[in-house]
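Biologist: I would like to learn how to read a protein model feature by feature. Please take me through one.

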Amino acid sequence: MDDWTPRTKAIAAGRPHGPGEPLNTPLVATSTYQAGGDFAYARGDGTPTWHALEEAVGALEGGEATAFASGVATLSAVLDLLPVGSRVAVPTFSYAVTRGVLAHAQKLGKLAVTELEPTDTEAWVAEAATADLVWLESPTNPTLDVMAIEPIAAAARGRVVVDNTFATPLRQRPLELGADVVVHSATKLIGGHSDLLLGITVAKDPEVAAELRGARTRVGSTPGALEAWLALRGLRTMPVRLAEQSRTAALLAERLAGHPAVRRVRYPGFGMMVSFDLADAETADRFCASVRLIRSATSLGGVESLVERRAWLAGEERVPAGLIRFSVGLEDPEDLWDDLAFALPE
């Protein structure tokens, strides 16, 4: 399996083997097992469906994976491993819920949190030398800044965690760049169909993976059987989905850059996420209300294209008021461009 390409791993890893075995891992919907086997109770032992998903994602990232009830649950598990008073560094522009959870922990006196500009690598390297946890996100949400993971990880004294939701292991493998743990909101590109909530951690060190599984058991943040099965099914098509979405995103980013109403296009040069700035909040709100094919909604990574003015959300006050986050789907690129052109002001 180590010699397989990521595209092959996404399709083949985690499948049953042997004569008479099902081709696809079944949905095992049980909480309790009969005594005497490898499983006793799902909260602590998992299920064959979870394990198949974990095997596949672990193979893609190059570590040991653990599935959780949501992406935010992965953050909670990582923080559960920190002693009170730990110092945490996080990007100023990153997922608002991540920063919200950290801010709440700081308010309660559990953590000391430092926010740094995502692209100020020198400041990150200095902070990493003393922080207990360095939480990176690359590309960042919603400004799509690409962070210098490798030099930051090399300077880190404590644990380095990278939210790899936007890039996926098909575009970036943080464990190979020095990170200790990778986290995913599998709700997004891994699931790919806007129909599940699920999170995944992948640890380089098996002992850290065991600690994260212990945190999952303690707080009960276990995934549902159906959600795990759907995420595994979505993972099988992620390579072809992401390749097509990325081609469309690059095309639309180029066209948006040439539109007179667009003040700035934020596109890292890979992936299916594009952000662009309109004049102000009112203009951006009118745009979101005017699209017809594209939907205005607060998620990303599905087969359908979605837009959202991010600054309306609590915790996103520093995001430019007119910034639109655009999750590019699998619709025909020309249909998407026609819809964008219709909704943009002349």
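Biologist: Start with Asp80: does it count as buried, exposed or partly exposed, and at what relative accessibility?

Modeller: First, a caution: this is a predicted model. Now the idea. Buried means under 20% relative accessible area, exposed means over 50%, and partly exposed is in between. Asp80 has 34% relative accessibility, so it counts as partly exposed.

Biologist: Which residue forms a salt bridge with Asp80?

Modeller: Look for a side-chain nitrogen of Lys or Arg within 4 Å of a carboxyl oxygen of Asp or Glu. Asp80 pairs with Arg218, and their closest N and O atoms are 2.4 Å apart. Then check where the partners sit. Asp80 is in helix 4 (residues 71–80) and Arg218 is in helix 8 (residues 206–219). That is a link between distant parts of the chain, 138 residues apart. Arg218 is exposed, at 54% relative accessible area.

Biologist: How many salt bridges does the rule give?

Modeller: The count comes to 18. Compare a local case. Arg286 bridges to Glu282, with the closest N and O atoms 3.2 Å apart. Both belong to helix 10 (residues 281–290). They are four residues apart, so about one helical turn separates them. Arg286 is partly exposed at 45%, while Glu282 is exposed at 55%.

Biologist: What about Arg325: buried or exposed?

Modeller: Arg325 is buried, with a relative accessible area of 3%. Its partner Glu308 is buried too, at 4%. The closest N and O atoms of this salt bridge are 3.5 Å apart. Arg325 is in strand 12 and Glu308 in strand 11, so the bridge ties together parts 17 residues apart in sequence. Follow the shared partners next. They join Arg99, Glu308, Arg310, Glu316 and Arg325 into one network.

Biologist: Where does Arg310 lie?

Modeller: Arg310 is in the loop between strand 11 (306–309) and strand 12 (323–327). A loop position does not settle accessibility, so check the value: 3% relative accessibility makes Arg310 buried. Then list the neighbours. Beyond four places in sequence, Arg310 is in contact with Tyr95, Asn141, Pro142, Thr298, Glu316, Val319, Leu323 and Arg325.

Biologist: Now the nonpolar residues. Which members of the largest nonpolar core touch the most other members?

Modeller: Read a core as a contact graph of buried nonpolar side chains. The largest one has 47 residues. Leu53, Trp124, Val134, Leu136, Leu198, Ile200 and Leu235 touch the most other members. Then ask which elements feed the core. Those supplying at least two residues each include helix 3 (48–61), helix 6 (121–128), strand 4 (133–137) and helix 9 (225–257). Another core, of 23 residues, lies apart from it; Val90, Leu102, Leu133 and Leu212 are among its members.

Biologist: Which residues does Trp124 touch?

Modeller: Leave out residues up to four places away in sequence. Among the rest, Trp124 touches Ala89, Val90, Pro91, Leu116, Val134, Leu136, Met147 and Ile152.

Biologist: At what angle do helix 4 and helix 5 pack?

Modeller: Fit the axes, then read angle, distance and hand. Helix 4 and helix 5 (residues 96–107) pack at about 35 degrees, with axes 10 Å apart. Their crossing is right-handed. Helix 4 contributes Val72, Leu75 and Leu79 to the contact; helix 5 contributes Val97, Thr98, Val101 and Leu102. By class, six of these residues are nonpolar, one is polar and none is charged.

Biologist: Which backbone values deserve a look in the loops?

Modeller: Most peptide bonds are trans, and most residues other than glycine have a negative phi. Look for departures. The Ser138 to Pro139 bond is cis, with omega near -5 degrees. Asn141 and Pro142 are also joined by a cis bond, with omega about 10 degrees. Pro139 lies in the loop between strand 4 and helix 7, and so does Pro142. Leu144 is in that loop as well. Phi of Leu144 is positive, near 60 degrees, and Leu144 is buried at 6%.

Biologist: What is the phi of Ser194?

Modeller: Ser194 has a positive phi of about 55 degrees. It sits in the loop between strand 6 and strand 7, and at 45% it is partly exposed.

Biologist: Is Gly192 buried or exposed?

Modeller: Gly192 is buried, at 0% relative accessibility. Gly192 is found in the loop between strand 6 (181–185) and strand 7. Its C-alpha atom is 8.3 Å from that of Arg241, 49 residues away along the chain.

Conventions:
Residues are numbered from 1 along each chain as its sequence is written. This is a predicted model: local features need pLDDT of at least 70, side-chain atom pairs count only at pLDDT 80 or more; totals for chains, interfaces and linings use all residues. Side-chain values use heavy atoms; hydrogens and water are left out. A nonpolar core is a set of buried Ala, Val, Leu, Ile, Met, Phe, Trp, Tyr and Cys residues joined through side-chain atoms within 4.5 Å. Buried means under 20% relative accessible area, exposed over 50%, partly exposed in between (1.4 Å probe, protein chains only). Contact means heavy atoms within 4.5 Å. Axes are lines fitted to C-alpha atoms, for helices over the stretch in contact, and angles run from 0 to 180 degrees between N-to-C directions. A crossing is left-handed if the near helix is turned anticlockwise from the far one by less than a right angle, and right-handed if clockwise. Ala, Val, Leu, Ile, Met, Phe, Trp, Tyr, Cys and Pro count as nonpolar, Asp, Glu, Lys and Arg as charged, and the others, Gly among them, as polar.
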